[in-house]
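Below are some notes on the model you sent, set out as numbered points. Please read them with the coordinates open beside you.

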Amino acid sequence: MDGGSQYNLRTVEEVFRDFKGRRAGMIKALTTDVAEFYEQCDPEKENLCLYGFPNEQWEVNLPAEEVPPELPEPALGINFARDGMQEKDWLSLVAVHSDAWLLAVAFYFGARFGFDKADRKRLFTMINDLPTVFEIVTGSAKKQAKEKSSVSNHSSNKFKSSAKARGSESAKYSKSVESKDEEEGLDEEDEDEHGETLCGACGENYASDEFWICCDICEKWFHGKCVKITPARAEHIKHYKCPSCSNKRARP
């Protein structure tokens, strides 16, 4: 509802500050102020939108009347789905649309003020370093933070286990771990690389206290227990093929 003419967002830092303020307002609506937000989204009312403002406030209101609007508009009619879904699912849906709107507004300012490729990349990187509204609302941001706290041990175990399973082939996968030992400045980069690795069988995240193994064919990682491979058995495997790749090779 606030026009872009009120802002003089000429730099990446200013646009990012605007993004953070709007994001904070929307997170507040969907978490600490959720009872008030729920009440305002009456399905009997007309199409309503959730707006976040740079001052970290939020508002449920009708969409802008001007066409086209000065700023991109958030998702329309969020109130209509309120009573037809579980509350947590409805809030998650609003959160997803809120993330999309926040990006749209940020890159609208970027286009309006002539950000070049480097500026756009820097803006996205700054935004991407923050958890999304969806991740905050669903609690997955806390889970990711907890997982990242064990990534240091996790990365070390990954190298040790894969070295047993793959012999000399493990060198190409150990590069990031070796770099971490040699250069402490790469710790954060390693965390980002390994923190979201999922088991190719069960889809769960790896834990630092579990054995895992990498397939030489598809290069996916697996919990040892999921593919019935123990550390002792892995010591005698030079080239590991996961069950899926083994089945493919067996077909005529």
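The points that follow go from the chain as a whole to one helix, its pairing with the next, and the cysteines.

1. The model is a predicted one, and the remarks below should be read with that in mind. The chain is built from 11 helices and 4 strands, and of its 252 residues 37% count as buried. When contacts between residues at least 6 apart in sequence are considered, 62% of them join residues that are at least 24 apart.

2. Within helix α3, which spans residues 87–112, I would look at Ser98. Ser98 is buried, its relative accessible area being 2%, and so falls under the 20% limit that applies to that class. Leaving aside residues up to four places away in sequence, the residues that Ser98 touches are Met26, Leu30, Leu50 and Val133.

3. The pairing of α3 with helix α4, which covers residues 117–128, deserves a separate comment, since the axes of these two helices come within 11 Å and cross at roughly 150 degrees. That angle makes α3 roughly antiparallel to α4, because angles over 145 degrees are assigned to that class. The crossing of α3 and α4 is, in addition, right-handed.

4. Which residues carry the contact between α3 and α4? On the α3 side they are Leu103, Ala106 and Phe107, and these meet Arg120, Leu123, Phe124 and Ile127 on the α4 side. By residue class, the contact of α3 with α4 comprises 6 nonpolar residues, no polar ones and 1 charged. The charged one is Arg120, because Arg is counted as charged whereas Leu, Ala, Phe and Ile are counted as nonpolar.

5. How many disulfides does a search of the whole structure find? The search returns 0 disulfides. For Cys41, the closest cysteine sulfur is that of Cys49, and the two sulfurs are 9.9 Å apart, which is too far for a bond. A disulfide would require the pair of sulfur atoms to be within 2.5 Å, so the separation of Cys41 and Cys49 does not meet the criterion. Cys41 is also buried, with a relative accessible area of 0%.

6. Cys214 likewise takes part in no disulfide, and the nearest cysteine sulfur, which belongs to Cys215, is 6.8 Å away. Is Cys214 buried or exposed? Cys214 is buried, with a relative accessible area of 0%.

Notes
Residues numbered from 1 in each chain as written. Predicted model: local features only at pLDDT ≥ 70, side-chain atom pairs only at ≥ 80, totals over all residues. Heavy atoms only, no water. Buried < 20%, exposed > 50% of the residue type's maximum accessible area, 1.4 Å probe, protein only. Contact = heavy atoms within 4.5 Å. Axes fitted to C-alpha atoms, helices over the stretch in contact; angles between N-to-C directions. Parallel < 35°, antiparallel > 145°, perpendicular 65-115°, else oblique. Left-handed = near helix turned anticlockwise from the far one by under 90°.
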